[in-house]
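Look at the sequence and the structure that follow. The text then goes from single residues to a pair of helices and back to the loops.

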Amino acid sequence: MTMTVTNPQLDIDRIIDDRRIRIVVCCGSGGVGKTTTAAAIGLRAAERGRQVCVLTVDPARRLAQSMGLSSLDNTPRLVEGVDDESGGSLHAMMLDMKRTFDEIVEAHSDPTRAAQILANPFYQSLSSSFAGTQEYMAMEKLGQLRRSDEWDLIVVDTPPSRSALDFLDAPERLGRFLDGRLIRLLTSPVKAGRPFGRVLNAGFSMMTGAMTKVLGGQLLRDAQTFVTAFDTMFGGFRERADATYRLLQAPGTAFLVVATPEPDALREASYFVERLAEERMPLAGLLLNRVHSAGSCRLSAARSVGAAETLETMISNGPLATDPAAHDTIAAQTVSAAALRLHATRMNLGERERRVAGSFMSAHPAVPVVEVPALPDDVHDLAGLRRVGESFAVQR
């Protein structure tokens, strides 16, 4: 089964081979095969001569397993077994949010201040669990990888569901936090000495007194100490986040939306397509994963079911049913009936997928699409990733 669509065909090999493309971002809802897609793109690009690093923000371990690695961490690891005849290489890593935050502190402050920040309980909580920290750190890590210029292609596997695009909001969210009223209050004692300082300090004392009752004195003191030590780094955070955001908007980046031909997945895909357009992010197209095909057989579902019912009737009530010598014939007919029913199921599934995918394509006729057939087994090694990558190829 090949879906009849008017959408242009997405040529992933063209993206991979275009040396001007330096970043590919795979986004989509959970369970659509996004991690496998990112890994397959990375492997195919490496075996076509690119120096590739695959960065996953998804805490699942599937990426490491499919690449034959026992684990992934915050350092890019070389993937063994890649065909390097074309001069390419493949590294993979998984974002460690806390470690990335620590690295930024160590890189942008002197050793004494860095030690003070890293030991601060408020910082330890912020760097591990503050809302939006993971997305911001993904921006930081992507920026670091791109600035290192060690890889000429970075493939980003984003978290599942709509949080996959939360990193687009990271600079603004960080700016709101850094410019927020709490931060201004916590830093105001440091800025005392100006006119009306005593009035301000009196107001601050009243406010901190109320906050102490709610938060506890030690937490408030930890927060004040953290903000005082961290104050000189705030501007750098915002600048780097803005720079990475502009990098994502640049022509050297390609966003790839991954979905399956299911209503919920394509509904999320529509959200991603529309959001990327709003943010002026370069959308490469939609990869429609796990598409079911009936192959070259054009026997309809209804005729398949009818033929199966005829065979089943012959098996149960026909002259062979009472003939002991017809055992092998009956067994063959039973298998044939089961195969016909399976074919009917696949045809019905394919027809439903065509209808669901058609709704998306009608709503987004300009979005390039490539279909990836459903595989009989899960992908768990480089050979499986190669098979996925081969399905990306456009038939010319």
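In which helix is the place of A265? A265 has its place in helix α13. The model it belongs to is a predicted one, and the values below are computed from that model.

Start with the chain as a whole. The chain has 16 helices and eight strands. Of its 396 residues, 48% count as buried. Of the contacts with a separation of 6 or more, 80% are between residues 24 or more positions apart.

A265 gives an example of such a link. Its C-alpha atom and that of G31 are separated by 8.8 Å, although the two residues are 234 residues apart along the chain. Leaving aside neighbours within four places in sequence, A265 is in contact with S29, V32, A259 and T260. Why does A265 count as buried? Its relative accessible area is 8%, and buried means under 20%.

S29, one of the contacts of A265, sits in the loop between β1 (23-27) and α2 (34-46). With a relative accessible area of 11%, S29 is buried. S29 also has a distant partner in sequence: P159 is 130 residues away along the chain, yet the C-alpha atoms of the two are 8.3 Å apart in space.

Helix α13 covers residues 263-278, and R275 is found there. R275 has a relative accessibility of 10%, so it counts as buried. Not counting residues up to four places away in sequence, R275 touches L165, L168 and D169. Two other residues, S270 and E274, are in contact with H364, as are N7 and V273, leaving aside the neighbours of H364 within four places in sequence. H364 itself lies in the loop between α15 (327-363) and β8 (369-373). Because its relative accessibility is 11%, H364 counts as buried.

Now turn to helix α4, which spans residues 97-107. At its start, a side-chain oxygen of D96 comes to within 3.3 Å of the backbone nitrogen of K98. Which residues of α4 are buried? They are M97, T100, F101, D102, I104 and V105. A general rule helps in reading such a list: an α-helix has 3.6 residues a turn, so residues three or four places apart point the same way.

Helix α4 packs against helix α7 (residues 133-148), with the axes 9 Å apart and at an angle of about 60 degrees. The two helices are therefore oblique to each other. Their crossing is left-handed. On the α4 side the residues that meet α7 are M97, T100, F101, E103 and I104, and on the α7 side they are T133, Q134, M137, E140, K141 and Q144. By class, this contact has four nonpolar, four polar and three charged residues.

The loop between α7 and β5 (153-157) holds D149. Phi of D149 is near 60 degrees, a positive value in a residue other than glycine. Most residues other than glycine have a negative phi. R280 also has a phi near 60 degrees, again a positive value in a residue other than glycine. R280 lies in the loop between α13 and β7 (283-291). Is R280 buried or exposed? Its relative accessibility is 61%, so R280 counts as exposed.

Technical notes:
Residues are numbered from 1 along each chain as its sequence is written. This is a predicted model: local features need pLDDT of at least 70, side-chain atom pairs count only at pLDDT 80 or more; totals for chains, interfaces and linings use all residues. Side-chain values use heavy atoms; hydrogens and water are left out. Buried means under 20% relative accessible area, exposed over 50%, partly exposed in between (1.4 Å probe, protein chains only). Helices (H or I, at least four residues) and strands (E, at least two) are DSSP runs, numbered from the N terminus. A polar contact is a pair of N or O atoms within 3.5 Å; within protein, one must be able to donate a hydrogen and the other to accept it, and residues adjacent in sequence count only if both atoms are side-chain atoms. Contact means heavy atoms within 4.5 Å. Axes are lines fitted to C-alpha atoms, for helices over the stretch in contact, and angles run from 0 to 180 degrees between N-to-C directions. Angles under 35 degrees count as roughly parallel, over 145 as roughly antiparallel, 65 to 115 as roughly perpendicular and the rest as oblique. A crossing is left-handed if the near helix is turned anticlockwise from the far one by less than a right angle, and right-handed if clockwise. Ala, Val, Leu, Ile, Met, Phe, Trp, Tyr, Cys and Pro count as nonpolar, Asp, Glu, Lys and Arg as charged, and the others, Gly among them, as polar.
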